[in-house]
Structures are given as structure tokens and as C-alpha cells.
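Student: I've got the sequence and the structure open side by side. Could we go through them together, one question at a time?

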Number of protein chains: 2
Amino acid sequence: MTEVAVVPTRRERTRAATVEEIKATARQLMREQSTTDVRFTDIARVMGMTPPALYRYFADRDELLTALIADAYTELGRAVATAREGREHDDVAGRWLAAATAYRDWARSEPQQFALILGLPVPGYVAPEDGPTHEAARDAMAQLADLFVRAAGLGRLGQPLLPEVSPEMAACAHEKHPELDGIVPPESFQAMIHAWATLHGITSLDAYGHFDWMGDEAREALFASTIRMAAMAAGIPTD
Amino acid sequence: MTEVAVVPTRRERTRAATVEEIKATARQLMREQSTTDVRFTDIARVMGMTPPALYRYFADRDELLTALIADAYTELGRAVATAREGREHDDVAGRWLAAATAYRDWARSEPQQFALILGLPVPGYVAPEDGPTHEAARDAMAQLADLFVRAAGLGRLGQPLLPEVSPEMAACAHEKHPELDGIVPPESFQAMIHAWATLHGITSLDAYGHFDWMGDEAREALFASTIRMAAMAAGIPTD
DNA sequence: CTAGAAGTGTTATGGCTCATAACAAACAGG
DNA sequence: CCTGTTTGTTATGAGCCATAACACTTCTAG
């Protein structure tokens with residue numbers, strides 16, 4: 001346990017680079033072919049290798065898929081967090097808008113990866129024990145929760161449009177997110193999920209092309225109004 | 001053009017029955033395997049046939065997929081319409097709740113088919129010219145529009161939470177849905193899509209298992225509150 | 001410096017699926 | 001009963017996943 005390799009060796013670096021190249025190539029092919037179904041043959045061909053060589057880096061397609069899911073989940077989270085951090089700490093309205101827009105933009109630019117983490121589980125893929133699949137949901141919630149905690153701390157978290165909460169939801173909030181106790185009231189916890197659902201709905205429909213029948217300007221305006229409505233309904237200040 | 005076969009022959013009937021059995025088997029396998037990726041081999045095995053026989057009924061996998069998508073779109077529409085018709089004509093609140101619940105229940109019971117029409121377009125599948133893929137969106141909109149038209153006719157369509165509408169959205173409403181002119185104002189048209197986005201978001205997250213971390217009662221309560229919030233925000237009476 | 005070990009790539013192979021071709025059996029109408 | 005259509009079969013080829021066996025490169029220890 002002493003003297004662990006703090007500095008990666010040359011081999012470790014080249015191996016890591018190859019792993020990254022494989023994943024990047026897979027993502028590129030996913031974009032080009034508009035599918036989450038990646039063929040080892042194609043990845044290898046693009047990389048100038050033969051298919052079996054990929055098995056030195058990933059045991060099978062599921063393992064590659066798991067890595068891609070983990071990456072996607074991380075990248076979506078990072079995109080949202082970065083956008084959020086770009087606004088002042090006390091600009092709650094701006095932070096909600098920025099985070100929501102980042103969520104939407106990432107989904108539109110990477111619809112396959114978005115589907116990978118928040119769509120129907122991929123053919124044949126089974127999420128590993130406590131895997132990152134559902135963690136995307138948890139993380140999205142955590143980022144939203146941070147927004148609500150901050151708004152509450154600033155005393156700017158308004159009452160949601162729907163102030164009633166069922167005992168089950170209140171209990172769920174207390175059990176699953178005890179860190180919010182005394183800070184974000186149950187009705188705001190519920191409203192938080194409402195806001196996320198609205199954001200996720202408009203994003204999904206948009207990312208999968210179901211608003212293609214309307215013009216770009218109208219679609220942008222629709223998204224903006226949806227986010228604004230969600231904020232109003234959730235008690236997020238809209239300034 | 002005279003004397004077209006109004007009565008299907010025996011052959012036509014058996015053929016249609018086989019087509020239905022193929023589709024039903026495909027749907028069954030989709031459910032059992034939790035995937036939209038259906039293998040001709042499996043369908044044939046379940047039906048006691050050999051794989052090439054299926055090509056007598058569908059030219060290739062895409063054609064079967066197209067048929068399944070068309071069916072799914074029809075069935076979702078029918079499920080929602082049936083639920084809606086189960087309520088009195090003037091029970092606007094009940095109709096919204098019933099329609100939304102049917103939408104969610106169908107998605108939960110048939111997540112693969114739901115993903116087929118409203119998720120990421122399937123690997124390799126290209127929607128035929130004016131195909132039914134995006135029609136699911138149009139149909140969902142039409143059913144919602146009917147609800148709003150009826151509410152407006154009864155004078156019970158309230159002002160939405162967000163009364164402002166961008167010129168682009170107003171123009172889009174006028175161009176794409178001229179039948180609503182003078183009946184459903186632009187801000188309510190916009191609110192209608194907001195309501196659908198919220199419904200679709202909560203439904204997608206639920207159907208794909210992203211609320212599995214909460215108990216069944218909490219999930220039900222969450223759905224009910226979300227639908228109620230959406231109604232309030234859209235100006236649908238909640239009684 | 002030089003084996004031997006570890007790592008990384010290749011070709012060869014088996015099993016599975018999609019899809020077509022060629023052929024056989026069942027069926028409808030004169 | 002006979003003939004053409006429909007519907008099924010077996011045979012076959014191409015492509016992909018995955019493994020096995022083998023070859024080359026790179027690191028490391030003596």
C-alpha cells in the first residue's frame with residue numbers, strides 16, 4: 001500500500017488515451033448514425049484497428065455502454081453545473097434559466113446520449129448493481145435541490161402554485177432527502193419535481209424532433225415560456 | 001373501380017390474422033425482453049414458423065417496425081380518447097385527469113411502445129414520407145386541443161398562469177392550428193403545450209423507471225399533483 | 001544488455017441474425 | 001381434375017459479436 005503509482009506510467013497513459021478514443025469514436029458514430037446501437041466493427045474501422053482489439057479495453061458491448069452511460073451522466077451534470085455557475089449566486093432566476101437551457105441544449109446536441117441516460121434502457125443492457133443509470137435522475141434532482149436550497153436561503157423561494165402535499169410525498173421527501181428538512185418545505189420539494197418534469201418533458205419532445213413542425217423561433221419561444229411557467233409554478237423567482 | 005372486394009376473401013382474412021399475430025408476438029417479445037429490438041428469429045420461433053416465412057408479410061424489419069409504430073400511435077390515442085369519453089362532456093377537470101392518467105398508464109404498461117413513438121427514433125429506422133412517427137405528437141396535441149376547445153365553449157377556460165405569448169408562438173398557433181382561431185386564444189394554445197410537456201415529462205420519467213426510488217404511493221401522489229399543477233397553470237378548471 | 005513477462009495487436013473460427021433464392025406443399029377457381 | 005397463386009420450407013451468403021490462438025512490441029529484472 002506504500003508508494004502507489006501516483007504518476008501514471010507511459011503504458012497507463014496510452015491505454016487511457018485509447019479508452020478515451022474508443023468512447024469518443026463510439027459517441028461520434030452514435031451522432032452520425034443517430035442511434036445508440038454502436039458496432040465494434042465500425043469503431044474499429046474508424047480507429048484503424050480490427051474489432052477483436054477492442055476487447056482488450058472493454059470486455060463486451062455492455063461494458064462499453066456502461067462507460068458511455070457514466071460519461072453521459074457526468075457530462076450532462078457538468079454542462080448544467082457550468083451554466084449555473086456562470087450566474088451570480090443570488091441570481092436565482094438566472095440560475096434556473098441557465099441550468100434549464102443547458103439541460104435542453106445538451107439534449108438537443110446529444111440526443112443519443114440523452115436517451116442513453118434518461119430514455120428507455122438500451123436493448124439487452126442491464127444496469128450494474130447501483131449503476132449510474134438512475135443516478136442521472138438523482139444528480140439532476142441534486143442540482144435542482146441546490147437551486148431551491150439557495151433560493152430558500154436567500155428568502156426568495158416563493159410558495160408553489162400548488163401548496164398542498166400528500167402525506168406520502170412529504171414522507172418521501174423526508175426519507176429520501178433529509179438534508180432538505182427545515183430548509184425546503186415539502187410543497188416546494190414536490191414543486192421541484194414538477195419543475196423538473198416540465199423541463200424534462202419539453203426537452204425530450206424537442207430533442208426527439210416532436211416540435212420540428214414549428215419554426216425555430218417559435219420553438220425557442222416555447223421553451224423560454226415553458227421554463228418561465230415552470231418557475232412561476234414552483235415558486236422560483238422570475239425577476 | 002367498380003365492385004371492389006368489399007368482403008375479404010378467406011385468404012385475405014387469414015393473411016390479416018397472421019399479420020396481426022406477427023405484430024402481437026413482436027409486442028409480446030418487446031414486453032418480455034424490455035426492448036424495442038425484435039428479432040425475426042424469435043418471432044418465428046414463438047409462432048412455430050421459420051424466420052424467412054415472415055418476409056411474406058413484411059419486406060424487412062423496418063416495415064414491421066413501421067407497422068408497430070403506427071399501431072402504437074393508434075393505441076395510445078385510443079386509450080386516451082376512451083378514458084376521456086368516459087367522463088361527462090362538461091366535466092373538463094375530469095376529462096383532463098382521465099386523459100392524462102390514461103397517457104401515463106399506457107406508457108407504464110407499454111414502455112417500449114411508448115419509446116417507439118415518443119422516444120429516440122429507433123436504430124436505422126427512417127420515418128416514411130409523412131409517416132406516423134411525428135403524428136403521435138400531432139394526435140396528442142389534437143386530443144388536448146379538443147379538451148381546450150370544449151372548455152372554451154363552456155366558458156370555463158381560465159387564464160393561464162403565464163398570459164404573455166411571444167409573436168412567434170402566436171403566429172405558430174395561427175398557422176399550424178387555424179381551427180383554434182377565435183376559440184382558443186394564443187396564450188391558452190401555449191399553455192396547452194406546457195401542460196402536455198409536463199404530462200409527457202412526468203410520464204417519461206415514470207415509465208423509464210426514474211422514480212423507482214420512491215414508493216408506489218408517493219409516485220401516484222406525485223403524478224396526481226403534477227397533473228393538477230399543470231391544469232392550474234394552463235387554465236384548465238380543477239373543480 | 002538481455003531474457004522473460006506483460007501488454008497489445010493480428011488472423012482464424014464459431015455462433016447468431018438478417019435477408020434472399022430455390023424449391024415444395026396447400027389452396028382457390030375454372 | 002388441373003393450373004396458377006399463396007404460403008411455407010430448406011439452403012445459402014453476408015455481417016456482427018465474441019473467443020481462441022498466435023505474433024509483435026514494450027517494460028522490467030537480473
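Student: By class, how many nonpolar, polar and charged residues does the surface near DNA strand C have?

Tutor: Quick caveat: this is a predicted model, where local features need pLDDT of at least 70 and side-chain atom pairs count only at pLDDT 80 or more, while totals for chains, interfaces and linings use all residues. Residues are numbered from 1 along each chain as its sequence is written, chains are lettered from A and ligands numbered from 1 in the order in which they are written, and side-chain values use heavy atoms, with hydrogens and water left out. Near means that a heavy atom of the residue lies within 4 Å of the strand; Ala, Val, Leu, Ile, Met, Phe, Trp, Tyr, Cys and Pro count as nonpolar, Asp, Glu, Lys and Arg as charged, and the others, Gly among them, as polar. The surface near DNA strand C then comes out at 9 nonpolar, 2 polar and 9 charged residues.

Student: Which residues are closest to DNA strand C?

Tutor: In total, 20 residues surround this strand. Of the strand C atoms that come within 4 Å of the protein, sugar and phosphate account for 67%. Both chains show up among the closest residues, which are Arg15(A), Thr50(A), Arg56(A), Tyr57(A) and Arg10(B).

Student: Which residue has a polar side-chain atom 2.6 Å from a phosphate oxygen of DNA strand C?

Tutor: Let's go through some phosphate contacts. A polar backbone atom of Arg61(B) is 3.3 Å from a phosphate oxygen, and a polar side-chain atom of Thr41(B) lies 3.1 Å from one. The 2.6 Å distance belongs to Tyr57(A).

Student: Over to DNA strand D: which helices each supply at least two residues of the surface near it?

Tutor: This strand is also surrounded by 20 residues, with Arg11(A), Arg15(B), Thr50(B), Arg56(B) and Tyr57(B) the closest. Helices here are DSSP runs of H or I, at least four residues, numbered from the N terminus. The ones you want are helix H1 (10-33) and helix H2 (40-47) of chain A, plus helix H1 (10-33) of chain B.

Student: Which residue puts a backbone N or O atom 3.2 Å from a phosphate oxygen of DNA strand D?

Tutor: Tyr55(A) also has an atom at 3.2 Å, but that one is a polar side-chain atom. Arg61(A) does use a polar backbone atom, though at 3.4 Å. The backbone atom at 3.2 Å is from Phe40(A).

Student: Which residues of H2(A) are buried?

Tutor: Buried means under 20% relative accessible area (1.4 Å probe, protein chains only). H1 and helix H3 (61-85) of chain A are among what covers them. The buried set is Phe40(A), Asp42(A), Ile43(A), Ala44(A) and Met47(A).

Student: What about the protein partners: how many salt bridges cross the interface of chain B and chain A?

Tutor: About 4600 Å² is buried between chain B and chain A, with 77% from carbon and sulfur atoms; that's the accessible area (1.4 Å probe) the two parts lose on being put together, summed over both. Leu120(B), His210(B) and Trp213(B) supply 16% of what chain B buries against chain A, more than any other three residues. A salt bridge needs a side-chain nitrogen of Lys or Arg within 4 Å of a carboxyl oxygen of Asp or Glu. By that rule, the number across this interface is 0.

Methods. Polar contact = N/O pair within 3.5 Å; in protein donor to acceptor, adjacent residues only side chain to side chain. Buried < 20%, exposed > 50% of the residue type's maximum accessible area, 1.4 Å probe, protein only. Contact = heavy atoms within 4.5 Å.
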